[in-house]
Amino acid sequence: MRASFCAKKSKDLWICSNGCLAVVAPRVGLTLLLILGALLVLSPLLVVLCTSGWPPGTLPTQLLPPQGWTWQSYQGAWQQGHFILAFANSTFVALAVTALQLVTSALAGYALARLSFPGQQTILLLLLAILVIPFQLLVIPIFLILKAAHLINTYGALILPTAANGFGVFLMRQFFLTLPVALEEAALLDGANRWQILWHILLPLSRPALATLFIFTFIGEWNDLFKPLVFTTKPELITVQLSLANFQEQFTNDWPLMMAAAVIATVPVIILFILGQRQLIRGIATTGLKN
């Protein structure tokens, strides 16, 4: 019998005498480790999907329903949760907050990255310090300000408290630092002002960072329960997270109905992430790499 042997062809690839290719063992081990990690992360989502397939009012005793998958829980959750109104409110609030954060973050980030003025480093340090302060600690002064401005139970109470964000400012500042200064110097020599440089040159080059900030901000506002719970009491201002909270009862829970509602509320976020994942990864990977 003819013995076979393998020789190294490249860093991660070996070629055998019989013509077969073999991948080096560490690469296979890393792949298996990543697959295992993905399964661990996705296992709770699998339980949620399977539980939502049970009929409403039943107590799941196994992973899959014995009578087969049913959409009754989704129909009940859609009607009981008033998701049409909740989706409209959450979408409006999330888009408004995201638009304001994109504007404020781009302007402040450009000022901290390119302009030189007294107290610049102090402002940057204060900005970083604000990042570690939870929003819940500021709820009392924010509530008093909104009450004095007669904004309680309005869309303004859901939008204005997070119209500017320290994370967005820092993200845009770091991305602006990666762009060559020569582009701005050439534009200044051609007679462009600061606003024209920002609008026509830097912002088009900052699409990955803007997309990253858009996705983070939109998902954060979509999943926010604290602001609607504290600043609103009107039923017409109900958001998706408030609608989900209404499915939580004091003594008993309809688990299939709750899981179906959770799936309905998660679908828009998943679609947004799938559409913007390329820009998101690019924005995270390139932010902070100074040329």
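User: Where does threonine 162 lie?

Analyst: Threonine 162 lies in the loop between helix H6 (155-159) and helix H7 (166-178); helices are DSSP runs of H or I with at least four residues, numbered from the N terminus. This is a predicted model, where local features need pLDDT of at least 70 and side-chain atom pairs count only at pLDDT 80 or more, while totals for chains, interfaces and linings use all residues. Residues are numbered from 1 along each chain as its sequence is written, and side-chain values use heavy atoms, with hydrogens and water left out.

User: Why does threonine 162 count as buried?

Analyst: Its relative accessibility is 13%, and buried means under 20% relative accessible area (exposed is over 50%, partly exposed in between; 1.4 Å probe, protein chains only). Threonine 162 therefore counts as buried.

User: What makes the link between the side chains of threonine 162 and lysine 227 a polar contact?

Analyst: The two side chains are joined at 2.7 Å. A polar contact is a pair of N or O atoms within 3.5 Å; within protein, one must be able to donate a hydrogen and the other to accept it, and residues adjacent in sequence count only if both atoms are side-chain atoms, so the value of 2.7 Å fits.

User: And why is glutamine 120 called buried?

Analyst: Glutamine 120, in helix H4 (residues 120-130), counts as buried because its relative accessibility is 15%. Not counting residues up to four places away in sequence, glutamine 120 touches Ala111, Leu112, Ala113 and Leu115, where contact means heavy atoms within 4.5 Å.

Conventions. Helices (H or I, at least four residues) and strands (E, at least two) are DSSP runs, numbered from the N terminus.
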